[in-house]
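Biologist: I would like to learn how to read a model like this one, feature by feature. Could you give me the general idea each time and then turn to the case in hand?

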Amino acid sequence: MSSDARLTLITRPGCHLCEDAKAALDRVVAVTGDRWIEKDVTGDLELERDYGDRLPVVLLDGKEHGYWRVEEERLLRDLTTPQL
């Protein structure tokens with residue numbers, strides 16, 4: 001996936017909530033036409049320090065939007081609301 005994606009999912013292998021989050025993001029982008037990328041904290045000390053056990057974490061335009069569960073309705077709203 002391209003680096004111009006507005007959504008980033010911070011994950012780690014073996015994380016069942018991360019799998020749920022991937023499915024939720026797929027549903028959201030199917031509606032909005034946006035794209036998302038995944039970043040694995042494994043081997044990345046900075047990501048591990050920043051996010052630790054709060055995975056998965058959703059970033060929207062580089063800012064934390066939520067963690068553990070994807071709030072699909074809120075994310076849809078935030079992706080489709082024009083920025084001021």
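Modeller: Let us begin with a single residue: D61 is partly exposed, with a relative accessible area of 45%, where buried means under 20% relative accessible area, exposed over 50%, and partly exposed in between, computed with a 1.4 Å probe and protein chains only. Please keep in mind that this is a predicted model, in which local features need pLDDT of at least 70 and side-chain atom pairs count only at pLDDT 80 or more, while totals for chains, interfaces and linings use all residues. Residues are numbered from 1 along each chain as its sequence is written, and side-chain values use heavy atoms, with hydrogens and water left out.

Biologist: Where is D61 found?

Modeller: D61 is found in the loop between β3 and β4; helices (H or I, at least four residues) and strands (E, at least two) are DSSP runs, numbered from the N terminus. D61 also has a positive phi of about 55 degrees, although it is not a glycine. W68, which is found in the loop between β4 and α3, likewise is not a glycine and has a positive phi, of about 70 degrees.

Biologist: How is a sheet read, and in what order do the four strands lie?

Modeller: One looks for pairs of strands, and two strands pair if DSSP finds at least two bridges between them. Here four strands form an open sheet with mixed pairing, in the order β2-β1-β3-β4. The edge strands are β2 and β4 (63-67), each of which pairs on one side only. From one strand to the next, the twist averages 25 degrees.

Biologist: Which strands pair in the parallel sense, and which run antiparallel?

Modeller: Strand β1 (residues 7-11) pairs with strand β2 (residues 36-40) in the parallel sense, over five bridges; within β2, E38 is the bridge partner of L9 and D40 that of T11. β1 and β3, by contrast, run antiparallel and are joined by four bridges, with T8 standing opposite L59 in β3.

Biologist: Is T8 buried or exposed?

Modeller: T8, which lies in strand β1, counts as buried because its relative accessibility is 11%. If one leaves aside its neighbours within four places in sequence, T8 is in contact (heavy atoms within 4.5 Å) with I37, K39, V57, V58 and L59. The strand as a whole gives a similar picture, since five of the five residues of β1 are buried, with L7, L9 and T11 on one side and T8 and I10 on the other.

Biologist: What do β1, helix α1 and β2 make together?

Modeller: β1, helix α1 (residues 16-32) and β2 make a right-handed β-α-β unit; a crossover is right-handed if, with the strands pointing away from the viewer, the path from the first strand over the helix to the second runs clockwise. In the loop between α1 and β2 lies G33, which counts as exposed because its relative accessibility is 60%.

Biologist: Which residues have the most contacts inside the largest nonpolar core?

Modeller: A nonpolar core is a set of buried Ala, Val, Leu, Ile, Met, Phe, Trp, Tyr and Cys residues joined through side-chain atoms within 4.5 Å. The largest has 13 residues, and those with the most contacts inside it are L7, L9, L25, W36, V70, L75 and L79. At least two residues of this core come from each of β1, α1, β3 (57-60) and α3 (72-80), and the largest share, five residues, comes from α1. Another core, of ten residues, lies apart from it and has I10, C15, V41 and L59 among its members.

Biologist: How is an aromatic pair described, and which residues form one that is edge-to-face?

Modeller: A pair of aromatic rings is described by the distance of the centres and the angle of the planes. Rings of Phe, Tyr and Trp (its six-membered ring) pair if their centres lie within 6.5 Å, and planes under 30 degrees apart count as stacked, over 60 as edge-to-face and the rest as tilted. A search of the whole structure finds one aromatic pair, formed edge-to-face by Y67 and W68, at 4.8 Å centre to centre and with 70 degrees between the planes. Y67 counts as partly exposed at 36% relative accessibility, and W68 is partly exposed with a relative accessible area of 42%.

Biologist: Which peptide bond is cis?

Modeller: The peptide bond from L55 to P56 is cis, with omega near -5 degrees, and P56 is found in the loop between α2 (45-51) and β3.

Conventions
Axes fitted to C-alpha atoms, helices over the stretch in contact; angles between N-to-C directions.
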